[in-house]
Amino acid sequence: MNQDEYKPTVKLTPEQEAARNKRNGAIAFGLVAFVVLIFLTTVVQMTSNWNAGAAG
C-alpha cells in the first residue's frame, strides 16, 4: 500500500486525540523511567562488585 493511499478509517475527535497524546506521553515517560531504573541498578551492582573485589 502506498502512503498516499492511506486513509484512516476511524476519525478521532479532538478530545480523543488529546487523550491519545496524553496516554502516549505517559507510556513514553514510563519507558524512560524503566530504562533509567535498570541503568542505575546496573551501576549500583557494578560499583558494589568493584568495591568488594578491591577490598578482598
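The questions and answers below walk through a predicted model of one protein chain.

Q: How many helices and strands does the protein chain have?
A: Several residues discussed further on, among them Val43, have their place in helix α1, which covers residues 14-55. Counting the elements of the protein chain gives 1 helix and 0 strands.

Q: Is the protein chain more spread out than a compact globule or less, and what is its radius of gyration?
A: The C-alpha atoms fill a box of roughly 65 × 30 × 10 Å along the principal axes. For 56 residues the globule rule gives 10 Å, and the chain lies well over that value, so it is more spread out than a compact globule, with a radius of gyration of 22 Å.

Q: What percentage of the residues of the protein chain count as buried?
A: A residue has to be under 20% relative accessible area to be called buried. The accessible surface of the chain comes to about 5400 Å², and 65% of it belongs to carbon and sulfur atoms. Of the 56 residues, the share that counts as buried is 0%.

Q: Which residues make the nonpolar surface patch of about 450 Å²?
A: One member of the patch is Val43, and this residue counts as partly exposed because its relative accessibility is 35%. The nonpolar patch, with an area of about 450 Å², is made by Val32, Val36, Phe39, Leu40 and Val43.

Q: Is Gly53 buried or exposed?
A: The place of Gly53 is in helix α1, and its C-alpha atom is separated by 33 Å from that of Leu31, which is 22 residues apart from it along the chain. Since exposed means over 50% relative accessible area, the value of 53% makes Gly53 exposed.

Q: What distance separates the C-alpha atoms of Gln45 and Thr9?
A: Gln45 also has its place in helix α1, where it is partly exposed with a relative accessible area of 47%. Gln45 and Thr9 are 36 residues apart along the chain, and their C-alpha atoms are separated by 50 Å.

Q: How far apart do the centres of the positive and negative side chains lie?
A: The protein chain carries 5 positive and 4 negative side chains. Taking the centre of each set, the separation between the two is 8 Å.

Conventions. Residues are numbered from 1 along each chain as its sequence is written. This is a predicted model: local features need pLDDT of at least 70, side-chain atom pairs count only at pLDDT 80 or more; totals for chains, interfaces and linings use all residues. Side-chain values use heavy atoms; hydrogens and water are left out. Patches are made of residues with over 30% relative accessible area and no salt bridge: like charges are joined within 9 Å, nonpolar side chains (Val, Leu, Ile, Met, Phe, Trp, Tyr) within 5 Å. Accessible areas come from the Shrake-Rupley method with a 1.4 Å probe; for residues, only the protein chains shown count as cover. A salt bridge is a side-chain nitrogen of Lys or Arg within 4 Å of a carboxyl oxygen of Asp or Glu. Helices (H or I, at least four residues) and strands (E, at least two) are DSSP runs, numbered from the N terminus. Buried means under 20% relative accessible area, exposed over 50%, partly exposed in between (1.4 Å probe, protein chains only). The radius of gyration is taken over C-alpha atoms; the globule rule is 2.2 Å times the number of residues to the power 0.38. Lys and Arg count as positive and Asp and Glu as negative; His and the chain ends are not counted. The place of a charge is taken as NZ of Lys, CZ of Arg, CG of Asp or CD of Glu.
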